[in-house]
Amino acid sequence: MERVGLILVLEAGLAPPLRNRIRDRLQQLGAEVRVLDGGVHTCLEVTGADLSIRTVHPANWPGVVKVVPLTEPYPHAARASNAPDGRAIPVEVGGVPVGGDELAIVAGPCAIEEEERALALARELRDAGCAFFRGGAFKPRTSPYAFQGLEEEGLRILGRIREETGLRIVTEVMDASQLSAVVEVADLLQVGSRNMQNFSLLKELGALDTPVLLKRGYAATPEEFLLAAEYILSGGNHQVILCERGIRSAAGADQVVLDLGIVPELRRRTHLPVLVDPSHGSAAAHRVPALARASAAVGADGLLIEVHDDPTRALSDGPQALTLEAFRQTLREVQSIHRALPPAGREAPREVEEGVIPGILAAPGKD
Ligand code: PEP
Ligand code: MN
């Protein structure tokens with residue numbers, strides 16, 4: 001028998017014709033309804049179309065006192081019963097699991113700017129231990145006068161980087177019309193913050209079997225974030241990785257605040273792996289290492305960090321890009337923090353070897 005999804009509590013003493021009108025409306029919306037005659041309140045038990053019924057707000061219907069949802073509004077994204085305690089179910093990206101024991105590190109420039117320099121940077125990042133290279137070919141820029149990315153040429157360069165370094169490629173798709181070209185080189189398709197609620201794009205991604213990195217809209221609640229993931233998951237693509245990238249705040253420096261509290265919140269609600277992007281989440285390179293360490297400490301499954309061979313020359317997001325040297329140091333620190341945390345959930349404190357955490361901060365360069 002189908003699980004009950006919703007209980008409607010009706011007004012005490014509601015006349016049967018009014019009660020029947022509510023029941024009929026629910027049935028017209030495709031639900032199966034059972035009337036539970038309680039003492040004071042009659043309740044309606046709703047199965048079947050309960051998820052769509054929630055979206056027409058029955059709590060506001062005349063005669064309804066209260067609606068009690070018995071399941072999450074995002075059944076595919078909701079923490080699966082077979083998910084390991086407090087942990088993600090890993091998503092494989094080009095054979096590399098994201099959300100498993102290892103911290104997934106996605107690093108690279110904001111945008112691909114020039115072939116040989118991008119390739120040289122990718123080699124350095126691979127040698128530093130990264131499995132994933134990021135770089136935008138299609139860039140969503142606030143100003144139409146800003147560098148928009150190398151587009152198809154950028155994809156070609158990413159394809160070469162993948163070929164010559166073995167790194168898995170993470171790159172953004174802004175629009176469904178770009179999808180067939182981007183999917184040729186991307187191991188992980190990035191949906192940017194501004195597109196988190198581009199529902200037609202999300203539906204297209206749901207029909208693919210390429211993993212998707214869904215960045216949080218910078219004004220999105222956790223529920224809106226998970227409902228956006230639900231668009232992809234309900235289409236049949238179960239390989240979704242979430243990424244916190246900072247939310248807007250009038251009070252925050254540069255008006256962005258990295259919302260690290262969402263990591264344990266998402267962990268509780270979903271089995272999807274959660275990455276954190278301290279680069280867009282701080283907008284300033286001097287804040288990135290500290291926020292990267294905090295992201296590892298809060299239990300992120302991985303980090304997305306912008307790195308540039310010469311941040312002063314970057315065509316986009318230069319102020320937040322780390323130099324290779326700063327990145328290598330940050331990587332050592334976050335790896336040490338990650339290893340010091342308990343494998344299950346990375347939430348509860350566990351005994352760590354005396355001095356491990358102070359040591360990594362006090363001894364730069366030491367692994
Ligand atoms: C990016 O990753 O380069 C980017 C544009 O991110 P966001 O969509 O989070 O702003
Ligand atoms: Mn960027």
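This briefing walks through a few features of the structure above. Please keep in mind that it is a predicted model. A good place to begin is the manganese ion (ligand 2), whose protein donors are Cys110, His280, Glu306 and Asp317. From there we visit an open sheet of four strands, a nonpolar core of 66 residues, and two residues with positive phi, His57 and Ala283.

**The manganese site**

- The manganese ion (ligand 2) is held by SG of Cys110, NE2 of His280, OE of Glu306 and OD of Asp317, at 2.0 to 2.4 Å.
- Along the sequence, these donor residues follow the spacing C-x169-H-x25-E-x10-D.
- Cys110 sits in the loop between strand E7 (104-108) and helix H3 (115-128), and Asp317 in the loop between strand E16 (302-306) and helix H10 (324-340), so the pair ties together parts that are 207 residues apart in sequence.
- Cys110 counts as buried because its relative accessibility is 4%, whereas Asp317, at 25%, counts as partly exposed.

**The open sheet**

- Four strands line up in the order E2-E3-E1-E4, with antiparallel pairing.
- Strand E2 (32-37) and E4 are the edge strands, each pairing on one side only.
- From one strand to the next, the twist averages 20°.
- Helix H1 (residues 16-28) packs on this sheet and touches E1, E2, strand E3 (42-47) and E4; the direction of H1 makes about 155° with that of E2.
- Strand E1 (residues 6-10) and E4 run antiparallel and are joined by five bridges; in this region Leu10 stands opposite Val64 in E4.

**The nonpolar core**

- In soluble globular proteins, nonpolar side chains tend to be buried together.
- Here the largest nonpolar core has 66 residues, and those with the most contacts inside it are Ile105, Leu125, Phe133, Leu205, Leu214, Leu242 and Phe327.
- Helix H7 (residues 222-234) gives the most to this core, with six residues.
- Leaving aside residues up to four places away in sequence, Leu205 touches Val173, Leu179, Leu189, Val191, Val212, Ile232 and Asn237.

**Two positive phi angles**

- Most residues other than glycine have a negative phi.
- His57 has a phi near 55°, a positive value in a residue other than glycine. His57 is found in the loop between helix H2 (50-54) and strand E4 (64-69), and its 49% relative accessibility means that it counts as partly exposed.
- Ala283 is not a glycine either, yet its phi is positive, at about 65°. Its place is the loop between strand E15 (274-276) and helix H9 (288-297), and with 25% relative accessibility Ala283 counts as partly exposed.

Key:
Residues numbered from 1 in each chain as written. Chains lettered and ligands numbered in written order. Predicted model: local features only at pLDDT ≥ 70, side-chain atom pairs only at ≥ 80, totals over all residues. Heavy atoms only, no water. Buried < 20%, exposed > 50% of the residue type's maximum accessible area, 1.4 Å probe, protein only. Donors = N, O, S within 2.8 Å, 3.2 Å for Na, K, Ca; no water. Core = buried A, V, L, I, M, F, W, Y, C linked by side-chain atoms within 4.5 Å. Contact = heavy atoms within 4.5 Å. Pairing = 2+ DSSP bridges. Axes fitted to C-alpha atoms, helices over the stretch in contact; angles between N-to-C directions.
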